[in-house]
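I opened a fresh page for this chain and jotted down what I looked up as I went. Here are the entries, in the order I made them.

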Amino acid sequence: ASVLSGLLADEGAESVEIPTIEIQPLEDFTDLYHVLASLPSYAWVVFTSTNGVAAVFDRLAAANRDARAFGGVRVGAIGPATARSLAQRGIQADFIPARSTSEAVLDELSKLDWKDVPVLLPAADIGREALADGLAAMGARVQRVTAYRTVPAQGMGDLAIAELEAGVDAVTFTSSSTVTNLVSMLNGHRSLLERPPVICIGPTTAATAKGL
């Protein structure tokens with residue numbers, strides 16, 4: 001989100017950042033440790049966010065392992081930021097889609113043969129199933145593992161209400177959870193979102209906003 005704020009500032013906009021989600025570690029790492037111990041059994045590991053990259057490499061470091069754990073495994077990054085996060089840790093992504101929506105990603109991935117290919121997807125506890133379901137439909141053997149938790153941010157409701165009451169020219173959302181969490185934070189003041197234009201990154205986020 002801060003990257004988006006910076007880009008808007010470059011165009012002369014004044015941005016107010018209001019965090020609506022917090023990234024937290026898992027309460028139990030058993031499943032994640034289990035799949036990371038068997039990385040060589042997967043043909044692909046596909047990361048959908050920088051948070052997933054950080055969570056996986058944190059667990060590898062805790063087990064005294066590093067990027068060499070991915071030797072022989074092809075790695076996908078859904079988006080340039082995720083690819084950069086991997087590169088900072090010594091992994092050059094084998095696949096980076098031109099567009100980062102699940103639908104566009106699946107269209108590009110469909111050009112490869114996925115029949116009986118074992119794929120690991122580290123993801124958030126509330127992540128979308130579209131990528132996993134799409135790869136499975138192509139014949140891949142998909143293992144989705146929770147790598148981190150996303151929870152609503154605390155203590156931001158009063159700030160959100162104050163900023164919206166003061167008047168903003170636009171509200172931007174970067175994911176479905178940012179939409180649902182902000183609406184929850186407004187605590188009955190959802191009408192404050194009716195005046196400013198709402199801008200969403202991706203059709204899934206837009207659909208969530210329309211649904212609320």
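**Notebook: one leucine, one sheet, one chain**

Entry 1. I began with L182, which I found in helix 8, residues 176-185. I keep in mind throughout that this is a predicted model.

Entry 2. Is L182 buried or exposed? I looked up its relative accessibility and got 8%. The cut-off for buried is under 20%, so L182 counts as buried.

Entry 3. Next I asked which residues L182 is in contact with, leaving aside its neighbours within four places in sequence. My list reads T20, A160, V171, F173 and L193.

Entry 4. I then took a distance from L182 to R74, C-alpha to C-alpha, and it came out at 37 Å. In sequence the two are 108 residues apart.

Entry 5. R74 led me to the sheet, where W44 stands opposite R74 in strand 3. Strand 2, residues 44-47, pairs with strand 3 in the parallel sense, and I noted four bridges between them.

Entry 6. In what order do the strands of the open sheet run? I wrote down 1-5-4-2-3, five strands with mixed pairing. Strand 1 (21-24) and strand 3 (74-77) are at the edges; each has a single partner strand, so one side of each lacks a neighbour in the sheet. From one strand to the next, the twist averages 25°.

Entry 7. I checked what packs on the sheet and noted helix 2, residues 30-37. Helix 2 touches strand 4 (118-124) and strand 5 (141-152). Between the directions of helix 2 and strand 5 I have an angle of about 140°.

Entry 8. Time to step back to the chain, in which I count nine helices and seven strands. Why call it as compact as a globular protein of its length? The radius of gyration is 19 Å, and the globule rule gives 17 Å for 212 residues; the two values are close, so the description holds. Along the principal axes, the C-alpha trace spans about 55 × 35 × 30 Å.

Entry 9. I looked up burial for the chain too, and buried residues make up 39% of the 212. The accessible surface comes to about 11,600 Å², with 51% of it belonging to carbon and sulfur atoms.

Entry 10. Last, I looked at contacts between residues at least 6 apart in sequence. Of these, 67% join residues at least 24 apart.

Key:
Residues numbered from 1 in each chain as written. Predicted model: local features only at pLDDT ≥ 70, side-chain atom pairs only at ≥ 80, totals over all residues. Heavy atoms only, no water. Pairing = 2+ DSSP bridges. Helix = DSSP H or I, 4+ residues; strand = E, 2+ residues; numbered from the N terminus. Axes fitted to C-alpha atoms, helices over the stretch in contact; angles between N-to-C directions. Contact = heavy atoms within 4.5 Å. Buried < 20%, exposed > 50% of the residue type's maximum accessible area, 1.4 Å probe, protein only. Rg over C-alpha atoms; globule rule 2.2 N^0.38 Å. Areas by Shrake-Rupley, 256 points an atom, 1.4 Å probe, with all protein chains shown as cover.
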